[in-house]
Amino acid sequence: MWPFARGKRASKEKAAETSGEGKHREEDGLLQELGVTDRLREFVKTFTVDTFRSFPLHDDQAADPADVCAQSNVRKDLTEWQERHATLVLSEVKEIAQLRYVLCPRHLKERQFWRIYFQLVKSYVAPYEMHAIQKARMKKLEMEVEESLIKGAIEVEMAETNRGSGSSMTLISKENSLLKDDIDRV
C-alpha cells in the first residue's frame, strides 16, 4: 500500500491487509490447536520409509477400504481430532505426504501408517489432543447446562400458564354461576 494513497483505494488496501492478517492468525490458531508446531514439523521431516517399515506393530489386521474417509482421504478409525490433525499435517508437511504416498498401499495399509505416525508423534501431540478432549467435554457440559436452563424456563412458563388458565377457568365458572343466579331471579 502506498503510504500517501487517499480515498477508497487506500481504505480497500488497508481492509485487504487486515483481513489477510486475520486469516493468517486464524490458520496459526488452528495449527496450534491441532498440534502442528514447528517442533513437530522438524521431527516429522526426519521420518523415512524405514522408520515406518521397521516399526513394530502387533495388530496387522487387514484394513477395509470402506473405512477411508472420501473427503480427506484419512482413515475413519481415527478420532475426530486425529483426523483433523492428519489432514492438516498432510497439507502442511509435504515430506509426510510424500512418505505416505510411497508407503500406502504398497508397503503399509492406511490404518497401519496412521497408527505408526501417531505412535511416533505421541509425545509431541498428546498435550494438544488432551486439551481438545477437555475443550469438547466443557462444551458438552455447557450445552447440557444450557438445555437444562431452557427446559426449566419452559416448565416454569407452562406452570404459570396452567395457573393462569386455571384462575381464568375459575373466573369463568364464577361468572357463569352469577349469570345463573341472575336468570333464576328473573
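Is Phe-52 buried or exposed in this structure? Phe-52 is buried, because its relative accessible area is 0%, and buried here means under 20% relative accessible area, with exposed meaning over 50% and partly exposed lying in between, all for a 1.4 Å probe and protein chains only.

Before I go on, a word on what we are looking at. This is a predicted model, in which local features need pLDDT of at least 70 and side-chain atom pairs count only at pLDDT 80 or more, while totals for chains, interfaces and linings use all residues. Residues are numbered from 1 along each chain as its sequence is written, and side-chain values use heavy atoms, with hydrogens and water left out.

Let me begin with the overall picture. The protein has seven helices and zero strands, where helices (H or I, at least four residues) and strands (E, at least two) are DSSP runs numbered from the N terminus. Along the sequence the pattern therefore reads α-α-α-α-α-α-α. Of its 186 residues, 24% count as buried.

Now back to Phe-52 and its partner. The whole structure holds nine aromatic pairs, and in one of them the ring centres of Phe-47 and Phe-52 are 5.8 Å apart with planes at 80°, so this pair is edge-to-face. The rule is that rings of Phe, Tyr and Trp (its six-membered ring) pair if their centres lie within 6.5 Å, and planes under 30 degrees apart count as stacked, over 60 as edge-to-face and the rest as tilted. Phe-47 also counts as buried, because its relative accessibility is 9%. Another pair is formed by Tyr-117 and Phe-118, whose ring centres are 5.0 Å apart and whose planes meet at 80°, so that pair is edge-to-face too. Tyr-117 is buried at 0% relative accessibility, and Phe-118 is buried at 9%. These four residues belong to one aromatic cluster, which is made up of Phe-43, Phe-47, Phe-52, Phe-113, Trp-114, Tyr-117, Phe-118 and Tyr-124.

Two members of that cluster bring us to the pockets, since Trp-114 and Phe-118 are among the residues that line the second largest pocket. What do we mean by a pocket? On a 1 Å grid over the protein atoms alone, a pocket is an open set of points with protein on both sides within 12 Å along at least five of seven lines, and lining residues have an atom within 4 Å of a point. The second largest pocket holds about 220 Å³ of space, a volume being the space filled by probe spheres set on the points. Both α6 (110–120) and α7 supply at least two residues of its lining, and the largest share, five residues, comes from α6. By type, the lining divides into five nonpolar, two polar and five charged residues.

The largest pocket has a volume of about 310 Å³. Its lining includes Glu-33, Trp-81, Arg-84 and Lys-139, and α4 (80–92) and α7 (122–185) each supply at least two of the lining residues. The largest share, six residues, comes from α7. Here the lining divides into four nonpolar, one polar and six charged residues.

Helix α4 deserves a slower look. It has 13 residues and reaches 18 Å from its first C-alpha to its last, close to the 18 Å expected at 1.5 Å a residue, the expected span being 1.5 Å times one less than the number of residues. The buried residues of α4 are Trp-81, Gln-82, Glu-83, His-85, Ala-86, Leu-88, Val-89 and Leu-90. As background, an α-helix has 3.6 residues a turn, so residues three or four places apart point the same way. Glu-92, also in α4, counts as partly exposed, because its relative accessibility is 36%. Glu-92 lies 8.2 Å from Val-36, C-alpha to C-alpha, although they are 56 residues apart in sequence.

From α4 we can step across to helix α5, where Arg-100 lies. Arg-100 counts as buried, because its relative accessibility is 12%, and its C-alpha atom is separated by 8.8 Å from that of Leu-90, 10 residues apart along the chain.

Finally, which residues does the cis peptide bond join? It joins Cys-104 and Pro-105, with omega about -5°, and Pro-105 lies in the loop between α5 (94–103) and α6.

Key. On a 1 Å grid over the protein atoms alone, a cavity is a set of points where a 1.4 Å probe fits but cannot get out, and a pocket is an open set with protein on both sides within 12 Å along at least five of seven lines; lining residues have an atom within 4 Å of a point. Ala, Val, Leu, Ile, Met, Phe, Trp, Tyr, Cys and Pro count as nonpolar, Asp, Glu, Lys and Arg as charged, and the others, Gly among them, as polar.
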